[in-house]
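This briefing is for a reader meeting the structure for the first time. Please look over the sequence and the model before going on.

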Amino acid sequence: REQLNSIGTLLGKQKFITALTDVNGYGLAGHLLEMCEGANLSAALYWNKIPFCTDLSYYLKNRILPDATFRNWNSYGSKIGFDKSVPVMDAFNLLPDPQTSGGLLITVNESHVAELQILLKAYGMEKFAEPIGRMDEKAEKAIFVYP
């Protein structure tokens with residue numbers, strides 16, 4: 001859908017955005033990991049804030065996953081940690097999933113979150129305006145997933 005990518009050019013011109021990438025074949029975790037390593041930071045990812053597509057439980061229950069999910073996980077899974085209340089098998093199946101449709105991963109300084117939310121809402125993307133994590137000082141794991 002055109003709406004998904006129409007905002008990318010505008011976002012790329014915003015001085016308050018510190019990083020911006022399209023999530024593609026490496027999955028959400030792979031692209032977040034690239035951001036972390038490039039900035040020498042770690043990320044806290046909030047599992048319950050990640051918007052997933054509807055009817056996902058059918059595919060998870062039937063183990064219908066792209067093969068690249070496993071290759072992605074094998075290449076960077078050791079850099080990801082999990083809180084014990086996070087459904088690790090679901091996270092394993094979804095965070096390295098290579099299937100996307102133009103989704104963007106954006107980082108901003110905390111003081112600019114509201115500014116980004118206003119911009120996203122103006123483009124009809126209020127569903128994606130809620131932060132799904134934060135960047136932190138470098139830790140043992142590059143990404144730690146919280147509930």
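Does S78 count as buried or exposed? At 59% relative accessibility, S78 counts as exposed. The model is a predicted one, and the points below go from the whole chain to single residues.

**Overall make-up**

- The protein contains seven helices and six strands.
- From the start of the sequence to its end, these elements come in the order α-α-β-α-β-α-α-β-α-β-α-β-β.
- The radius of gyration is 15 Å, close to the 15 Å that the globule rule gives for 147 residues, so the protein is as compact as a globular protein of that length.
- The C-alpha trace spans about 40 × 35 × 25 Å along its principal axes.
- Among contacts with a separation of 6 or more, 81% are between residues 24 or more positions apart.

**Surface and charge**

- About 8,900 Å² of the protein is exposed, and carbon and sulfur atoms supply 52% of that area.
- Of the 147 residues, 36% count as buried.
- The protein has 14 positive and 16 negative charges, and the mean positions of the two sets are 2 Å apart.

**Nonpolar cores**

- In soluble globular proteins, nonpolar side chains tend to be buried together.
- The largest nonpolar core here has 26 residues. The members that touch the most other members are L45, W47, I80, F82, L95, I143 and V145.
- Several elements supply at least two residues each to this core: helix 3 (27-39), strand 2 (41-46), helix 4 (56-61), helix 5 (67-76), strand 3 (80-82), helix 6 (88-94) and strand 6 (143-146).
- Helix 3 gives the most to this core, with six residues.
- I80 is in contact with A29, W73, K141, I143 and V145, leaving aside its neighbours within four places in sequence.
- A second, separate core has nine residues, including I7, L11, L119 and M125.

**A buried threonine in helix 5**

- T69 is found in helix 5.
- The relative accessible area of T69 is 0%, under the 20% limit, so T69 is buried.
- Apart from neighbours within four places in sequence, the residues in contact with T69 are F92, N93, P96, D97 and P98.

**The loop between helix 5 and strand 3**

- S78, the exposed residue of the opening question, has its place in the loop between helix 5 and strand 3.
- Which residue, 64 residues apart from S78 along the chain, has its C-alpha atom separated from that of S78 by 9.2 Å? That residue is A142.
- The 59% relative accessibility of S78 is over 50%, and S78 therefore counts as exposed.

**Positive phi outside glycine**

- N40 is a residue other than glycine with a positive phi, near 60°. The place of N40 is in the loop between helix 3 and strand 2.
- With a relative accessible area of 49%, N40 is partly exposed. The reason is that this value lies between the limits of 20% for buried and 50% for exposed.
- R63 also is not a glycine and has a positive phi, of about 55°. R63 is found in the loop between helix 4 and helix 5.
- R63 counts as partly exposed, at 44% relative accessibility.

Key:
Residues are numbered from 1 along each chain as its sequence is written. This is a predicted model: local features need pLDDT of at least 70, side-chain atom pairs count only at pLDDT 80 or more; totals for chains, interfaces and linings use all residues. Side-chain values use heavy atoms; hydrogens and water are left out. Helices (H or I, at least four residues) and strands (E, at least two) are DSSP runs, numbered from the N terminus. The radius of gyration is taken over C-alpha atoms; the globule rule is 2.2 Å times the number of residues to the power 0.38. Buried means under 20% relative accessible area, exposed over 50%, partly exposed in between (1.4 Å probe, protein chains only). Contact means heavy atoms within 4.5 Å. Accessible areas come from the Shrake-Rupley method with a 1.4 Å probe; for residues, only the protein chains shown count as cover. Lys and Arg count as positive and Asp and Glu as negative; His and the chain ends are not counted. The place of a charge is taken as NZ of Lys, CZ of Arg, CG of Asp or CD of Glu. A nonpolar core is a set of buried Ala, Val, Leu, Ile, Met, Phe, Trp, Tyr and Cys residues joined through side-chain atoms within 4.5 Å.
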